[in-house]
Amino acid sequence: MADAQAINPANTHSMHTRTCGELRSANIGEEVTLTGWVARRRDHGGLIFCDLRDREGLTQINFDPEHSDGEAFKIAETMRPEWPIRVHGVVRSRGEDAVNPKLATGEIEVLVDHAQVLNRSKTPPFQIEDGIETAEETRLRYRYLDLRRPEMAARLRLRSDFTFAIRSALHDRAFTEVETPALFKSTPEGARDFVVPSRLQPGNFYALPQSPQLLKQLLMVGGVERYYQVAKCFRDEDLRADRQPEFTQVDIEMSFVEQDDVMSQIEDVLANAFSQVGVEMPTPLRRISYWDAMDTYGSDKPDTRYGMTLVDLTDVFAGCGFKVFASAASTEGHVVKAINAKGAGAWPRAQIDKLAKTAATFGAKGLAWIAFREDGSVNSPIVKFFTDEEMDELRRRMDVEPGDLVMFAAGPRRESDEILGGMRSHMADALDVPREGHDFLWVVDFPLFHWDEDGQRYEAEHQPFTLPHLDELHLLDEDPLKMGSCTYDFVMDGFEAGGGGMRIHDAELQLKMLEFMGFTEERARAQFGFLMEALEFGAPPMGGFALGLDRVCMLLAGTDSIRDVMAFPKTSSGSDLMSAAPSEVSLAQLKEVGLRLE
């Protein structure tokens with residue numbers, strides 16, 4: 001026992017000898033000192049019990065006036081929830097009738113002989129326990145109390161363990177951790193920059209990095225060869241459950257490599273890190289091309305743990321009487337596609353009609369559907385336009401059974417895919433379709449460009465530094481939207497958990513790509529001149545990857561918001577309710593940096 005205590009971190013420079021989550025029946029008879037917060041206090045008329053909580057768990061402590069000294073029992077009579085206390089006593093069995101199977105420490109208790117109050121607490125605004133139904137705004141306002149809850153402490157520990165495992169896996173593979181600046185030049189990469197005024201150079205601004213993208217490419221030019229960083233990134237964009245204005249990514253770059261080298265190395269690192277937190281990731285991972293993912297699942301980050309895949313019915317309805325379908329079927333680049341939501345065909349008509357509003361959020365102008373009722377009847381506003389032969393083929397292609405609901409999208413290929421992909425995800429949630437375990441895969445070969453209707457220009461699908469398929473460079477003048485790129489996204493459970501690609505390492509090609517996206521040479525060199533110049537000094541072939549650490553930890557923790565795995569997150573409006581940030585600054589501070597408010 002002495003040897004075990006000697007290596008226990010709890011015994012190293014601490015006020016306690018054991019934590020509240022580690023004691024078991026094997027410790028019976030041991031003298032211990034515990035510290036923690038009073039979670040619950042129960043007065044049984046002469047005996048006082050308390051659940052003492054720390055970061056590791058709960059231990060029941062027992063104050064018996066025949067065993068505890070007088071001061072300890074007075075403390076037990078007056079202490080209240082969330083008071084931090086220190087107790088000394090002996091570990092003993094609770095007895096068979098008193099065992100609490102819900103607690104890891106449920107077979108034992110500590111009989112207290114001495115106690116000390118370390119501080120007092122006001123009544124907390126919510127219960128410090130798991131499963132509370134307190135509004136998130138209240139939890140964020142008192143985040144320091146929320147973090148005391150066991151499930152929150154466990155999530156932070158999981159994040160720490162996974163981050164350590166990633167670092168260890170990269171270090172073991174000869175990657176060098178390099179910090180890059182948090183104050184840098186504004187180089188827009190797809191989202192708005194957070195800008196920081198310079199006091200020493202009035203009228204000039206730094207930007208907080210959206211990612212270390214350009215800097216890690218410069219590290220490759222500098223010969224680092226294998227770089228990584230657990231990097232803080234900043235993007236001033238609209239927020240949602242899996243997005244924050246500041247977030248963390250594990251940033252990785254390699255040089256003198258080809259695409260398969262990077263992907264294989266990343267797979268090894270991830271598999272190793274996941275295994276350290278008890279999750280198996282079989283390798284090699286499946287690879288699905290971008291268009292296969294879109295055409296089959298309606299998403300470039302598909303969750304493949306369930307079916308409801310998209311089916312192309314363009315040929316079935318090419319000559320049908322429903323003009324919307326017939327028009328799409330006869331237009332190049334347009335499709336008629338459908339999904340089958342099994343079980344939803346039994347929904348009431350009013351409930352099905354409401355799905356049109358959901359489809360509208362994914363870009364649909366309406367939603368065509370056919371409900372196959374369990375009694376064998378068919379209900380739909382469009383079924384009258386179809387022949388028996390068309391309906392028979394629809395049933396065959398869609399594997400229709402009584403109780404099914406078939407939903408359609410007709411129009412441009414990508415838009416139709418996205419509409420049905422959104423509905424696929426929505427219906428899986430609405431029907432509570434089971435999704436067991438974790439789902440890992442690569443989506444590869446993204447288009448190099450997409451057309452920005454608002455700006456009336458081509459924009460990079462990933463980023464302007466992505467290497468195109470070199471055998472497709474002739475398409476730049478012929479059909480740019482058909483150009484592919486050397487890209488790969490890591491998808492986990494239907495989320496883009498990470499992504500990367502090979503980089504352009506030729507200065508002439510990089511300038512050509514920027515000019516194609518609307519940059520003049522002057523503007524390109526003004527924004528990216530340091531990179532353009534670096535590429536002229538023997539830049540090696542390079543490629544990299546960035547893992548969304550917050551998002552992966554969210555999925556590992558089984559929660560649906562990255563706020564649950566961040567210590568001090570912002571709300572969806574970008575506010576920190578605890579510190580009341582963002583807040584006003586004084587006129588003197590503004591004057592120092594040469595700014596004034598209008």
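**Cysteines, a cavity and a pocket**

Mentor: Let's start with Cys20, which is buried in this predicted model, with a relative accessible area of 0%.

Trainee: What makes Cys20 count as buried?

Mentor: Buried means under 20% relative accessible area. Cys20 has 0%, so Cys20 is buried.

Trainee: Why is Cys20 not called part of a disulfide?

Mentor: A disulfide needs two cysteine sulfur atoms within 2.5 Å. The closest cysteine sulfur to that of Cys20 belongs to Cys50, and it is 8.9 Å away, so it is too far for a bond.

Trainee: And what about Cys553: which cysteine sulfur is nearest?

Mentor: That of Cys233, at 14 Å, and Cys553 is in no disulfide. Cys553 is also buried, with a relative accessible area of 0%. By the 2.5 Å rule, the disulfide count comes to zero.

Trainee: Good, now the spaces. How many cavities of 30 Å³ or more are there?

Mentor: Three. The second largest has a volume of about 40 Å³, and its lining includes Leu448, Phe449, Met513 and Met517.

Trainee: What makes up that lining by class?

Mentor: Six residues are nonpolar, two are polar and none is charged. Pro464 is one of the lining residues, and Pro counts as nonpolar.

Trainee: How much space lies in the second largest pocket, and which residues lie nearest its centre?

Mentor: About 580 Å³. The pocket is lined by 20 residues, and Phe194, Val195, Asp236, Gly574 and Pro582 lie nearest its centre. By class, the pocket lining has 11 nonpolar, four polar and five charged residues.

How values were computed. Residues are numbered from 1 along each chain as its sequence is written. This is a predicted model: local features need pLDDT of at least 70, side-chain atom pairs count only at pLDDT 80 or more; totals for chains, interfaces and linings use all residues. Side-chain values use heavy atoms; hydrogens and water are left out. On a 1 Å grid over the protein atoms alone, a cavity is a set of points where a 1.4 Å probe fits but cannot get out, and a pocket is an open set with protein on both sides within 12 Å along at least five of seven lines; lining residues have an atom within 4 Å of a point. Grid points are joined across faces, edges and corners, and a volume is the space filled by probe spheres set on the points. Buried means under 20% relative accessible area, exposed over 50%, partly exposed in between (1.4 Å probe, protein chains only).
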